[in-house]
Amino acid sequence: MAKQIYYPLSKIDKDHRDIALIELENAQKASLSQSKIYTQFASVLIGLSTVILAVLNLEKVNIKGKINSETLLIMTLVLYVMGLILLRYFVDLQKEITINSRKVVTLRSMLGLDYSSVQLTLPKDRVEGATNPFNIKLFTGWFKFQSSPVWILTFLIGLIWTLIFYKIDIHSMKRNELVIINQINPIWLSGLIVIIISYFLSYRISLFDRHENIALHISIFIAFIFRIKFFQNFEYSLYRARLSYYDLKNSKIEFENLKKAIVTIEDGRFYKHKGVDWKSLFRGVLSQNSYIRRRKNWLPSGGSTIEMQLARTIFIPTNQNKYKRKLLEFFVAFWLSSVLEKEDIIKIYVGSVRFGHGIMGLKQAMLYYFGMKKLKNVIQLPLEYSFVLAERLSNITNTVDVNRIQSLLRKFPYLNKDIVEGIYNNNVIRKFKHEPISID
């Protein structure tokens, strides 16, 4: 990915600066007031839990025998639902706080405010949070203050469930008589587990970010178990990848022909699978055998789909065990396919993938192989140029192999081979100090 791309893509001009400053002030006030409300409600919950615990010492409370089982069950269900609604309120409030905080950082950056002078006086995470909106998370962690409501509500509802289910005689507890439960009731335990799991899952899933889902967290878990390096700032990584595509769009570069060439060479079933093509993967394994490769006239391949290649381009460093990396690619590819449309995936891929020799993205590839002077006035990237770039992209050895080129050209019978040969000899070959090639 092009290293010169930073956040944000554009700046606010002078004519709109006053409006942006008003927006910045409003976002700051909203974030501050919402944070105060969040703190106050969290304090109320803490106080409520204290009151409930204090009730256990009141002599007048005697639950046993006062209410029938059906009424107690209904009370518990009502309290359970009310707890979920209250938890949802906290989640929505947390989202609003985060969104407004991100808006503040975005507007600061677009207004050109610089935090370099305070980098020596603030912790690193605070400086990054002040300059990068994606460092402000919806979910900050289970042991942060923002997560206190889910802990308190789970404790309160679980405690009420326990008290109601066992109909504990508080008088006996007041008299310091020992109440012993001889065995754990499976219904009580099952209900308690349901309360804990449902509250924590509801809270966490409700705070999923824009591209966050279960598939992503499975990928994170796989990376953790197998100790695979994985860039987990996924929102920022996808943002930067999208910038590479918008950079192409702003440069007026049309690449429909290149998209078709890439799909034909790299992933023929791209629009049919869901991130992993098992048929292509099986063929890739077979193609590693030289005898089968010669008999079927196949080129060696790894069976990676466009999503899998995009996964290792953006999220998975290549300087680690390739088998572990491939395993993680499967899961990340499923995730990408679930959160992005196919057209978005191919556009991001074209704008950020490696075209050999450390050249990342189409714009750099055009500069490196062809020079902008020859193509800057071309609205649509020509078919033959598109084929050459797609071949470079799929060539992991960075060499110029005539047999490989001729084999790939069989998939493009409509191309002018003389033009393709000229592109290689006049533009690509000079990069490798290679003898001119002749395409039959």
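## A nonpolar surface patch

Seven side chains, those of Leu189, Ile193, Ile197, Leu201, Ile205, Ile214 and Ile218, make up a nonpolar patch on the surface, and together they have about 580 Å² of accessible area. Two elements each give two or more residues to this patch: helix 6 (186-206) and helix 7 (214-225). The largest share, five residues, is that of helix 6. The model described here is a predicted one.

Leu189 is one of the patch residues and lies in helix 6. Its relative accessibility is 35%, so Leu189 counts as partly exposed; the partly exposed class runs between 20% and 50%.

## Salt bridges

The count of salt bridges in the model comes to 12. One of them joins Arg204 to Glu212, with the closest N and O atoms 2.6 Å apart. Arg204 and Glu212 are each buried.

## A network around helix 13

Four residues, Arg312, Arg325, Lys326 and Glu329, are linked in a network of salt bridges. Within this network, Arg325 pairs with Glu329, their closest N and O atoms being 3.2 Å apart. Lys326 also forms a salt bridge with Glu329, with an N to O distance of 3.8 Å.

How are these partners placed along the chain? Arg325 and Glu329 both belong to helix 13 (residues 322-339), where they are four residues apart, about one turn of the helix. Lys326 and Glu329 are three residues apart in helix 13, and therefore about one helical turn separates them. An α-helix has 3.6 residues a turn, so residues three or four places apart point the same way.

Is Glu329 buried or exposed? Glu329 has a relative accessible area of 0%, and it is therefore buried, the cut-off for that class being under 20%. Arg325 is buried as well.

## Helix 18 and its surroundings

Helix 18 (residues 402-409) is mostly covered, with six of its eight residues buried. The buried residues are Arg404, Ile405, Gln406, Ser407, Leu408 and Leu409. Which elements cover them? Among those that do are helix 9 (256-266), helix 17 (383-394) and helix 19 (417-428).

At the N-terminal end of helix 18, Asp401 acts as a cap: one of its side-chain oxygens lies 3.0 Å from the backbone nitrogen of Asn403.

Key
Residues are numbered from 1 along each chain as its sequence is written. This is a predicted model: local features need pLDDT of at least 70, side-chain atom pairs count only at pLDDT 80 or more; totals for chains, interfaces and linings use all residues. Side-chain values use heavy atoms; hydrogens and water are left out. Buried means under 20% relative accessible area, exposed over 50%, partly exposed in between (1.4 Å probe, protein chains only). Patches are made of residues with over 30% relative accessible area and no salt bridge: like charges are joined within 9 Å, nonpolar side chains (Val, Leu, Ile, Met, Phe, Trp, Tyr) within 5 Å. Accessible areas come from the Shrake-Rupley method with a 1.4 Å probe; for residues, only the protein chains shown count as cover. Contact means heavy atoms within 4.5 Å. A polar contact is a pair of N or O atoms within 3.5 Å; within protein, one must be able to donate a hydrogen and the other to accept it, and residues adjacent in sequence count only if both atoms are side-chain atoms.
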